[in-house]
Amino acid sequence: MPPEMLSGDGVSIRLSGYLEPCAPTHVPTLRYAIETAGQTVGELRIRLGESEDLKRYFGQIGYEVYPAFRRRGHAGTACRLALEVMRNLGYGEAWITCNPENLASRRVCGRVSAELVETVDIPVDHVMYEHGIRQKCRYRVVL
């Protein structure tokens, strides 16, 4: 059972929902609100699964900090808390992906000691390619 809330360094993640798969390529997803000082400052998603598509393109952890709250370390702390959730759920590793030009997400991966494994091209028949995404950086964290 995933925790309802975890906190650290002035940031909390609070479970806000559970998304059931709605397509064959989707997986169950835990949704958390990222909070600090009583405000919701972003969102965090933990995709539950270990498919090649998750590890290679989508990632198991996704996060977004709203523009007004960026550059304060919230994403890094929330990501560390997400890694704790995954560890508690029995995962031995976690995969985070981001677009190569997303320098902020790449810095977050560095802050949580994620290892850049490679940058991969998105296949032309993949849904991400249809949305204009051409590459993903793949980061791995051993839990």
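Here is a walk through one arginine and its strands, and then through a sheet with a helix on it.

This is a predicted model, with local features needing pLDDT of at least 70, side-chain atom pairs counting only at pLDDT 80 or more, and totals for chains, interfaces and linings using all residues. Residues are numbered from 1 along each chain as its sequence is written, and side-chain values use heavy atoms, with hydrogens and water left out.

Let's start at Arg-138, which sits in strand S8 (residues 135–142); strands are DSSP E runs of at least two residues and helices H or I runs of at least four, numbered from the N terminus. With 6% relative accessibility, Arg-138 counts as buried (under 20% relative accessible area, 1.4 Å probe, protein chains only). What does its side chain reach at 3.0 Å? For Arg-138, that's the backbone oxygen of Lys-55. The side chains of Arg-138 and Glu-118 also share a polar contact of 2.5 Å (N or O atoms within 3.5 Å, one able to donate a hydrogen and the other to accept it; residues adjacent in sequence count only if both atoms are side-chain atoms).

S8 pairs antiparallel with strand S6 (residues 93–98) over 6 bridges, and with strand S7 (residues 115–121) over 6 bridges as well; pairing takes at least two DSSP bridges. Lys-136 in S8 is the bridge partner of Val-120.

Now for the open sheet: 5 strands, ordered S1-S2-S3-S4-S5, with antiparallel pairing. Its edges are S1 (5–8) and S5 (61–65), each pairing on one side only. Strand S4 (residues 39–47) and S5 are joined by 5 bridges, and Ile-46 stands opposite Ile-61 in S5.

Note on methods: Buried means under 20% relative accessible area, exposed over 50%, partly exposed in between (1.4 Å probe, protein chains only).
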